[in-house]
Amino acid sequence: NMKQHNVSKSKFNRIFVCFRGTDTAKNVVADIKAWTVPHPPVRGSVFNGSRPMVHHGFLNSWRNDKLSEQVLDFVKKYVKEMRESELEEMEENGSNGSPWPVITVTGHSLGGSIATLASWDIASKLQDMSLSLAQNHSFFAKKDDSILSQPNTIPFPKENVRLYSFGCPRVGNGPFADSLNDFVPNAWNIIHDNDIVPAVPAKHSGFLGQPFKRAGRQVIIKENGDFLINPSRKERRLRAVKVLRLKTSVAAHETGHYRRGLLSIFEKEGLLDNCDDEGVVLRESLSKGEETQINSLKLAAESLDVMGQIIMDARNDPSRSFRVLPGAT
C-alpha cells in the first residue's frame, strides 16, 4: 500500500518526496520473487540487451492508483511556483545563480524502490519542462542575445534531483541503472551492513537472463559509526554471502537499525556536538524513532543533509573515520 507517502515543499527552495516502506522485512523477502517489464517509455532493444527493464511489482506500486500522477503533478506545480518566486527575488537583489529548486526523493525498503523510479520520472519531467521554457524564450533571444544569459533560460541541473534510498532492493537491469545514473547523478543507496534485503532480487533473475544491477552509488553503514563508500565488487560479494548466513539479517532491515547507524555516524563525526535545539531533536528522533508526520519529514531532511555532507567531505578527506575506495566520485 503506497498511499502512505509524503510530499512537502520547503521555504528554502526545496521539495521533499518521501515514501514509506513495507510493513515488515519478512514481507519484503517473501514477496521478492521478481520478473521484469520494460521501463516506460519503452526504449532500446531486447535482442542486444539495451532495453531498460525494471521489477514489475515496484513499477506497479509506483504507477498504480495514480500515485505517480499525483506526485509528479505536485512536484511540477511547486517547481514552477518556486522557480518563478526565485526569479523575482534574483531580479530584485540583482543576484546570479540557478532559480531551480532542489528535489530530494527518499524511501526505505519498498519505499526506496519507489523513490528510485520516482526520481527518474521527476528528473525526466523537469528536463522536459526546462526545454519547454527555453523554447518559449527562443523568439526573444533572437532579437536580444543577452536574454540567453539570463536566469530564466538556465536549464534544469540534473544534480538538483537527489535520491537517497535506505535498504532498497535492486530495481532494474544494467540499462536501467545506466539510464538512472544519467538522469539522476546524485543517487545514493544507504545500506546497513547486515541487511539482507538490498541483496535481492538475485542478480540472475532478470528478463532473458539480464541481471539486476543497482543504480547509483552505495554507502554501507555500520552501527559502530563506520561506513564505506562505493565498495568493490569483492566487498559487495562478501557482504552478500555474509548476510545470507546471518540470523539477524532480516531484523537488520528495520528502520531502527538504520537510525542507530546514522546516529552513530553523526556522533562519531562530531556533527551533534554543541548542536542547537534542532540538533538535539534530531538526536532524540534517531534514538527513539518518533514518527509524527510533520516532524519526521523535517528531521529526515536534516538527516539526509548531514549524510550528504559527510559523503561529500569523504571525497576530499580520506583520512576520516571511513575510507573512500578508488573510483568513488
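**Close-up 1. Glu-88 and its negative neighbours on helix α3.** Let's start with Glu-88, a residue of helix α3 in this predicted model. Is Glu-88 buried or exposed? Its relative accessibility is 51%, and because anything over 50% counts as exposed, Glu-88 falls in the exposed class. Glu-88 also has company: together with Glu-81, Glu-84, Glu-89, Glu-91 and Glu-92, Glu-88 makes up a patch of negative charge on the surface.

**Close-up 2. A positive patch that includes Lys-234.** Here the charge has the opposite sign: Arg-233, Lys-234, Arg-236 and Arg-237 form a positive patch on the surface. Look for Lys-234 in helix α6, which covers residues 233-245. With a relative accessible area of 54%, Lys-234 is exposed.

**Close-up 3. Trp-100 and Phe-156, an aromatic pair between two loops.** How many aromatic pairs does a search of the whole structure find? There are five, and this view shows one of them, Trp-100 with Phe-156. Their ring centres lie 5.4 Å apart and their planes meet at 85 degrees, so the pair is called edge-to-face. The two residues come from distant parts of the chain, 56 residues apart. Trp-100 sits in the loop between α3 (67-93) and β5 (102-108), while Phe-156 sits in the loop between α4 (110-143) and β6 (161-166). Both partners are hidden from the surface: Trp-100 is buried at 3% relative accessibility, and Phe-156 is buried at 6%.

**Close-up 4. Trp-120 and Phe-183, a tilted pair between two helices.** In this view the ring centres of Trp-120 and Phe-183 are 4.7 Å apart. Why is the pair called tilted? The planes stand at 40 degrees, which is neither under 30 degrees, as stacked would need, nor over 60, as edge-to-face would need, so tilted is the class that remains. Trp-120 belongs to helix α4 and Phe-183 to helix α5 (residues 174-183), so the pair ties together parts that are 63 residues apart in sequence. Both residues are buried.

**Close-up 5. Arg-63 and Asp-121, a salt bridge between helices α2 and α4.** The structure holds six salt bridges, and in this one the side chains of Arg-63 and Asp-121 meet at 3.4 Å, N to O. Arg-63 lies in helix α2 (residues 56-63) and Asp-121 in helix α4, so parts of the chain 58 residues apart are tied together. The two partners fall into separate classes: Arg-63 is partly exposed, with a relative accessible area of 36%, whereas Asp-121 is buried, with 5%.

**Close-up 6. Lys-213 and Asp-178, a salt bridge between a strand and a helix.** The side chains of Lys-213 and Asp-178 form a salt bridge with an N to O distance of 3.7 Å. Lys-213 is in strand β9 (residues 212-213) and Asp-178 in helix α5, so to speak two distant addresses, 35 residues apart. Lys-213 is partly exposed at 40% relative accessibility, and Asp-178 is partly exposed too, at 45%.

**Close-up 7. Lys-242 and Asp-193, a salt bridge between a helix and a loop.** Our last stop shows the side chains of Lys-242 and Asp-193 joined by a salt bridge of 2.5 Å, N to O. Lys-242 is part of helix α6, and Asp-193 is in the loop between β8 (186-192) and β9, so this contact ties together parts 49 residues apart in sequence. Lys-242 counts as partly exposed at 30% relative accessibility, while Asp-193 counts as buried at 13%.

Conventions: Residues are numbered from 1 along each chain as its sequence is written. This is a predicted model: local features need pLDDT of at least 70, side-chain atom pairs count only at pLDDT 80 or more; totals for chains, interfaces and linings use all residues. Side-chain values use heavy atoms; hydrogens and water are left out. Patches are made of residues with over 30% relative accessible area and no salt bridge: like charges are joined within 9 Å, nonpolar side chains (Val, Leu, Ile, Met, Phe, Trp, Tyr) within 5 Å. Accessible areas come from the Shrake-Rupley method with a 1.4 Å probe; for residues, only the protein chains shown count as cover. A salt bridge is a side-chain nitrogen of Lys or Arg within 4 Å of a carboxyl oxygen of Asp or Glu. Lys and Arg count as positive and Asp and Glu as negative; His and the chain ends are not counted. The place of a charge is taken as NZ of Lys, CZ of Arg, CG of Asp or CD of Glu. Helices (H or I, at least four residues) and strands (E, at least two) are DSSP runs, numbered from the N terminus. Buried means under 20% relative accessible area, exposed over 50%, partly exposed in between (1.4 Å probe, protein chains only). Rings of Phe, Tyr and Trp (its six-membered ring) pair if their centres lie within 6.5 Å; planes under 30 degrees apart count as stacked, over 60 as edge-to-face and the rest as tilted.
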